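Here are my notes on the model you sent round. Have it open while you read.

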Amino acid sequence: MKLNSIIVEDEQTSRDILKNYLKKYCPNVTILGEAANIDEALVLIRNHDLDLVFLDVEMPYGNAFDLLDKVGDIDFETVFVTAYNHYAIDALNSHASYYLMKPISIDELIKSVDYVSEIKTKEEALQDQVLVPKTNSVNGKITIPQLDGFEILNTSDILYCKADDNYTEIYLNNNKKKLVSKTLKYFEEALKESSFARVHKSYLVNVNEVVKYVKGKGGSVVLSNGKEVMVSASKKSNLLSYFK
């Protein structure tokens, strides 16, 4: 597990020691920057996607807890590094992952990094389960991945899905469209329990939104928004089975 990190410490010597220890004993940690005070740390935190912050407690013009208050919504793990043990309870209350005492023990440093790696590994495993488009344990919902997380759609809001090479266009009943980097076959499997029928090699429709069927070799269906979708002959019987 690669960990993007910064060191927040007002003493240059302490920063150098920690940086050298990490380089030698924790090669999975990438140091993206160093900060000597709260203002410098805030810039780094806001400009980098961080997994881990090594944070000294006492700094000029404030302390670690002031920094965390200014950050607000914290999406990284924190390892406190300090010469004072009386901050331990405050650190725990700030959801610190680990508390390292100075002078830094190499064994404890390795433990702290391993612990954060384990946390991040579990988070990624959970995210991988959620961020793929699929129905989930909440009835009538499907998750759609986005760059900053995922969006949850009601399956009942989906009118139809259209293949676009290795992508799928999802058309909603509010006249909006979502483009997702998954094949139509993937959505056919994901929505199979939600009354969606594959009517054509390029179309998957919400059967509940079908308002009319037009006869023909395969025929076509008209959806509630007026969209007419062709039905291939090989898919016709599967579609009509929903209306028996």
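The points below go from the sheet to a hairpin and then to the salt bridges.

1. Ground rules. This is a predicted model, so local features need pLDDT of at least 70 and side-chain atom pairs count only at pLDDT 80 or more, while totals for chains, interfaces and linings use all residues. Residues are numbered from 1 along each chain as its sequence is written, and side-chain values use heavy atoms, with hydrogens and water left out.

2. The sheet. Five strands make an open, parallel sheet in the order S2-S1-S3-S6-S7. At the edges sit S2 (29–35) and S7 (98–101), each pairing on one side only. From one strand to the next the twist averages 20°. Helices (H or I, at least four residues) and strands (E, at least two) are DSSP runs numbered from the N terminus, and two strands pair if DSSP finds at least two bridges between them.

3. Inside the sheet. S1 (residues 3–8) runs parallel to S3 (residues 52–56), with 4 bridges between them. Look for Ile7 opposite Phe54 in S3.

4. Helices on the sheet. H1 (residues 12–25) packs on the sheet and touches S1, S2 and S3, its direction making about 170° with that of S2. H2 (residues 38–47) packs there too, touching S1 and S2, at about 140° to S2. Contact means heavy atoms within 4.5 Å; axes are lines fitted to C-alpha atoms, for helices over the stretch in contact, and angles run from 0 to 180 degrees between N-to-C directions.

5. A hairpin further along. S14 (residues 196–200) and S15 (residues 203–206) pair antiparallel over 4 bridges, as a hairpin with 2 residues between the strands. Phe196 stands opposite Asn206. Of the 5 residues in S14, 4 are buried (under 20% relative accessible area; exposed is over 50%, partly exposed in between; 1.4 Å probe, protein chains only).

6. Salt bridges. The count is 11, taking a side-chain nitrogen of Lys or Arg within 4 Å of a carboxyl oxygen of Asp or Glu. Arg15 in H1 meets Glu34 in S2 at 3.1 Å, N to O, although the two are 19 residues apart. Arg15 is buried at 9% relative accessibility, whereas Glu34 is partly exposed at 29%. Both belong to a salt-bridge network with Asp16 and Lys19.

7. Two more pairs. Lys178 bridges to Glu151 at 3.1 Å; Lys178 lies in S13 (residues 177–180) and Glu151 in S10 (residues 149–154), so the pair ties together parts 27 residues apart in sequence. Glu108 and Lys111 meet at 3.5 Å, N to O, and both lie in H5 (residues 106–130), about one helical turn apart.
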